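Hi everyone, thanks for coming. I'd like to walk you through one structure today, slowly, so please have the sequence and the picture in front of you.

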Amino acid sequence: MKIIKDFDLECVFLMSEILDKMDLGIDADTIIKKTKLAKLEGAKDAGKLGKEIVVGIGVEMGAKMLRNIYKAKKEVKQLISELSGEPIESVNKMNLKDIKEFFGELVKHEGFGDFLSQAGQLTE
């Protein structure tokens, strides 16, 4: 399913509601503590260290998302419908491959990264 619409203010509101309902806040200190100390000590430069932490955050966020997506199912469907131009009935029939492709495209979509960046700054 292709994204055909810009990530506008309505999408920001939907994403905010989704993040809130899914409780996707991440505690960076916890992620750092969970990262294996051997990996951190073996990192010879800040880039490798940062990569380990980012991977840890991604894993933690992905796991939380899978655990809590049911809490925001209406809003997730609405967001997909808004951005793809597809009716909710079509969104309801999406399979896992379609969903994965949609969110993969969303992460790359202009405006979405800005939203995540701002959301992250607000939670610090």
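Let me start with a definition. A residue is called exposed when its relative accessible area is over 50%, buried when it is under 20%, and partly exposed in between. Let's try that on Asp114, which sits in helix H8. Its relative accessibility is 56%, so Asp114 counts as exposed. Also, please keep in mind that this is a predicted model.

Okay, the overall picture. How many helices and strands does the protein chain have? The count is 8 helices and 0 strands. If you read from the N terminus, the order is simply α-α-α-α-α-α-α-α. The chain has 124 residues, and 27% of them count as buried. About 8600 Å² of the chain is exposed, with 58% of that coming from carbon and sulfur atoms. And if you take the contacts with a separation of 6 or more, 72% of them are between residues 24 or more positions apart.

Asp114 gives us an example of sequence distance against distance in space. Asp114 and Phe7 are 107 residues apart in sequence, yet C-alpha to C-alpha they are 9.8 Å apart.

Now hold on to Phe7, and let's go inside. The largest nonpolar core has 20 residues, and the ones that touch the most other members are Phe7, Met15, Ile18, Leu79, Leu83, Phe102 and Leu106. Which helices each supply at least two residues of this core? They are H1, at 9–22, H5, at 73–84, H7, and H8, at 112–123. H1 gives the most, with 6 residues.

Pick out Leu83 from that list. Setting aside residues up to four places away in sequence, Leu83 touches Lys2, Ile3, Ile4, Lys5, Asp6, Phe7, Cys11, Phe102 and Leu106.

Next, H5 itself. Do the length check with me: 12 residues at 1.5 Å a residue should span 16 Å, and the end C-alpha atoms of H5 are 16 Å apart, so the two agree. The buried residues in H5 are Glu75, Val76, Leu79, Ile80, Ser81, Leu83 and Ser84. What covers them? Among the elements doing that are H1, H6, which is residues 88–92, and H7. Just after H5 you'll find Gly85, with a positive phi of about 80 degrees.

Let's zoom in on one residue of that helix, Ser81. Is Ser81 buried or exposed? Its relative accessibility is 14%, so Ser81 counts as buried. A polar atom of the Ser81 side chain lies 2.5 Å from the backbone oxygen of Glu86. Leaving out neighbours within four places in sequence, Ser81 is in contact with Glu86, Pro87, Ile88 and Val91.

So where is Glu86? You'll find Glu86 in the loop between H5 and H6. At 31% relative accessibility, Glu86 counts as partly exposed. Beyond its neighbours up to four places away, Glu86 touches Met1, Ser81 and Val91. Look at Met1 there: the C-alpha atoms of Glu86 and Met1 are separated by 8.5 Å, with their positions 85 residues apart along the chain.

On to H7, residues 96–108. This helix has 13 residues and reaches 19 Å from its first C-alpha to its last, close to the 18 Å expected at 1.5 Å a residue. At its start, a side-chain oxygen of Asn95 comes to within 3.0 Å of the backbone nitrogen of Lys97.

What about aromatic rings? The structure holds 1 aromatic pair. The rings of Phe102 and Phe103 have centres 5.2 Å apart and planes at 90 degrees, so the pair is edge-to-face. You've met Phe102 already, on the core list. Phe102 has a relative accessible area of 0%, so it is buried.

One last stop, Asn68, which is found in H4, residues 46–68. Here's a small exercise: is Asn68 buried or exposed? The relative accessible area of Asn68 is 11%, so the answer is buried. Apart from its neighbours within four places in sequence, Asn68 is in contact with Met22 and Asp23.

That's my tour. If you rotate the picture later, try starting at Leu83, which touches both Phe7 and Phe102. Thanks, and I'm happy to take questions.

Technical notes. Residues numbered from 1 in each chain as written. Predicted model: local features only at pLDDT ≥ 70, side-chain atom pairs only at ≥ 80, totals over all residues. Heavy atoms only, no water. Helix = DSSP H or I, 4+ residues; strand = E, 2+ residues; numbered from the N terminus. Buried < 20%, exposed > 50% of the residue type's maximum accessible area, 1.4 Å probe, protein only. Contact = heavy atoms within 4.5 Å. Areas by Shrake-Rupley, 256 points an atom, 1.4 Å probe, with all protein chains shown as cover. Expected span 1.5 Å × (residues − 1). Polar contact = N/O pair within 3.5 Å; in protein donor to acceptor, adjacent residues only side chain to side chain. Phe/Tyr/Trp six-rings, centres within 6.5 Å; stacked < 30°, edge-to-face > 60°. Core = buried A, V, L, I, M, F, W, Y, C linked by side-chain atoms within 4.5 Å.
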